[in-house]
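Please find below a colleague's note on the aromatic residues and their surroundings. The points are numbered for ease of reply.

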Amino acid sequence: MSPPSLQHRICPPFSVQRSEKMGTRFGAFALTLLLSSLSFSLAFSTSNDGLVRIGLKRLKLDQNNRVATRLESKEALRASIRKYNLRGKLGDAVDTDIVALKNYMDAQYFGEIGIGTPPQKFTVIFDTGSSNLWVPSAKCYFSVPCFFHSKYKSSQSSTHKKNGKPAAIHYGTGAISGFFSEDNVKVGDLVVKNQEFIEATREPSVTFLVAKFDGILGLGFQEISVGNATPVWYNMVRQGLVKEPVFSFWLNRNVEEEEGGELVFGGVDPNHFKGKHTYVPVTQKGYWQFDMGDVLIDGKESGYCSGGCSAIADSGTSLIAGPTTVVAMINHAIGASGVVSQQCKAVVEQYGQTIMDLLLAEAQPKKICSQVGLCTFDGTHGVSAGIQSVVDEKDGRSSGLGDGMCSACEMAVVWMQNQLRQNQTQERILNYVNELCERLPSPMGESAVDCASISSMPTISFTIGGKPFDLSPEQYILKVGEGAAAQCISGFTGLDIPPPRGPLWILGDMFMGRYHTVFDFGKLRVGFAEAA
């Protein structure tokens, strides 16, 4: 899940783990966690354009549940980040299906579906970072969270078909497990027949106890589907329920409005975006993954992704997760406070000048960390050389320095390269790298910023299809609470995926809220345009 887990899908904060042979994981869900009860006001209407719209109210965060939300968001971030811890107008209005999305604190979007005949209602996250549909089962007897959410009762559905194959989806803080069943699934006014889904009979306690949703509806590719189950979206297309094999997300970031956004199946609503979409091809089926160029900080290249990075558009992650190297640079630029890294500080102190000298001597940057003995070089990138931990002579305990020094060295090389291109002095460069060490984000956690400084923070841009997609401070800072008690969280969290899968960026709701996103299943591409 994602967010990212703050994950998740930070849901960001808020990623995927394998369940036996059966593919992956659990899509992130983050900051969707609140201890207060969820009250919906659902309105079903068919407009004159033939679209069915499901209206959902926006939740307001109050003083009493703010602290609980922050605590639970950390759990959600851990869950979502581990998800990725791997070793134009389309169609006619009448042929599209629209599901209104509920927005919780600009961190998670979810809506309602029905399962069975007559339909039993469930609130689900529509997650492009996973591929299974699961909801709590009436046979969930021993997990407390099941008593606080809607449960599927197969005995009350005339279209239920028994399957019984066991299923488990693992994520950062636990797992959901249960068994497969088949039934009709209603999404908007579409009815998907004989859909395979998971009845969850076990759920981790804390995470789902306070969650604002019952389950997950995955919109990723079948390649990552647990049990190789056919995703709901695939069946929509195969059963001829949509004219165009396209769906699109519009996420409303205006906290003053009750409407959380819309998910449109079968096409694109031209009222949801401005200008034209920039499309990039899907490079690896599973997640909606594509190639991305460099990340710009206040218009200046970071240099880390100049050779290319991969990215995933993930509606199940709330924040934006990316390589720790660049996230630290971003957090430094915006003044975010992270955790001081022993490895990073030690590398700068012991090897900083040597690294600088090698860079000035035009040594191959990728080989420098192996030259100084912190990494071995496997021909493409540095890997841990198995450095022994530094031992405190007083008590013989390890200080925690060791394999992490390889990655810290590689980060230092990138940072120094960046500064050398800007013709900074050696003293200034070493000071800058030390400052970045102090801005390293907490592992699977958030970095806080001063709310009063938001207006002076730089623009952060992602290069997609050769075009920069800008995020202003107001768009990448998540504000929790109001007035003097408000807390502001950086929308960027560290996530390191090694080659060949990485480096990888997870562009969650924080990005998709700024840019209307089209998932073109037919042409295997993803499109972004400024959201209206």
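1. In this predicted model, the ring of Phe469 has the charged end of Lys467 over it, at 5.2 Å from the ring centre. A second such contact involves Lys165, whose charged end sits over the ring of Phe180, 4.9 Å from its centre.

2. Aromatic pairs number 24 by the rule applied here. One of them joins Phe247 and Trp288 in an edge-to-face arrangement, with 5.8 Å between centres and 90 degrees between the planes. This pair links distant parts of the chain: Phe247 belongs to strand β12 (residues 246–251), whereas Trp288 lies in the loop between β14 (273–281) and β15 (289–292), 41 residues apart. Phe247 and Trp288 are both buried.

3. Trp288 also pairs edge-to-face with Phe519, at 5.2 Å centre to centre and 75 degrees between the planes. Because Trp288 is in the loop between β14 and β15 and Phe519 is in strand β29 (residues 515–520), the pair ties together parts 231 residues apart in sequence. Both partners, Trp288 and Phe519, are buried.

4. One aromatic cluster contains Phe247, Trp288 and Phe519, together with Phe221, Trp233, Tyr234, Phe249, Phe265 and Phe521.

5. A nonpolar patch on the surface merits separate mention. Val144, Phe147, Phe148 and Leu209 make up this patch, and their accessible area together is about 420 Å². Within the patch, Phe147 is located in the loop between β7 (133–136) and β8 (161–171). Why is Phe147 classed as exposed? Its relative accessibility is 54%, and the class exposed begins over 50%.

Conventions. Residues numbered from 1 in each chain as written. Predicted model: local features only at pLDDT ≥ 70, side-chain atom pairs only at ≥ 80, totals over all residues. Heavy atoms only, no water. Patch = residues over 30% accessible without salt bridge, like charges linked within 9 Å, V, L, I, M, F, W, Y side chains within 5 Å. Areas by Shrake-Rupley, 256 points an atom, 1.4 Å probe, with all protein chains shown as cover. Salt bridge = Lys/Arg side-chain N within 4 Å of Asp/Glu carboxyl O. Helix = DSSP H or I, 4+ residues; strand = E, 2+ residues; numbered from the N terminus. Buried < 20%, exposed > 50% of the residue type's maximum accessible area, 1.4 Å probe, protein only. Phe/Tyr/Trp six-rings, centres within 6.5 Å; stacked < 30°, edge-to-face > 60°. Lys NZ or Arg CZ within 6 Å of the ring centre and 35° of its normal.
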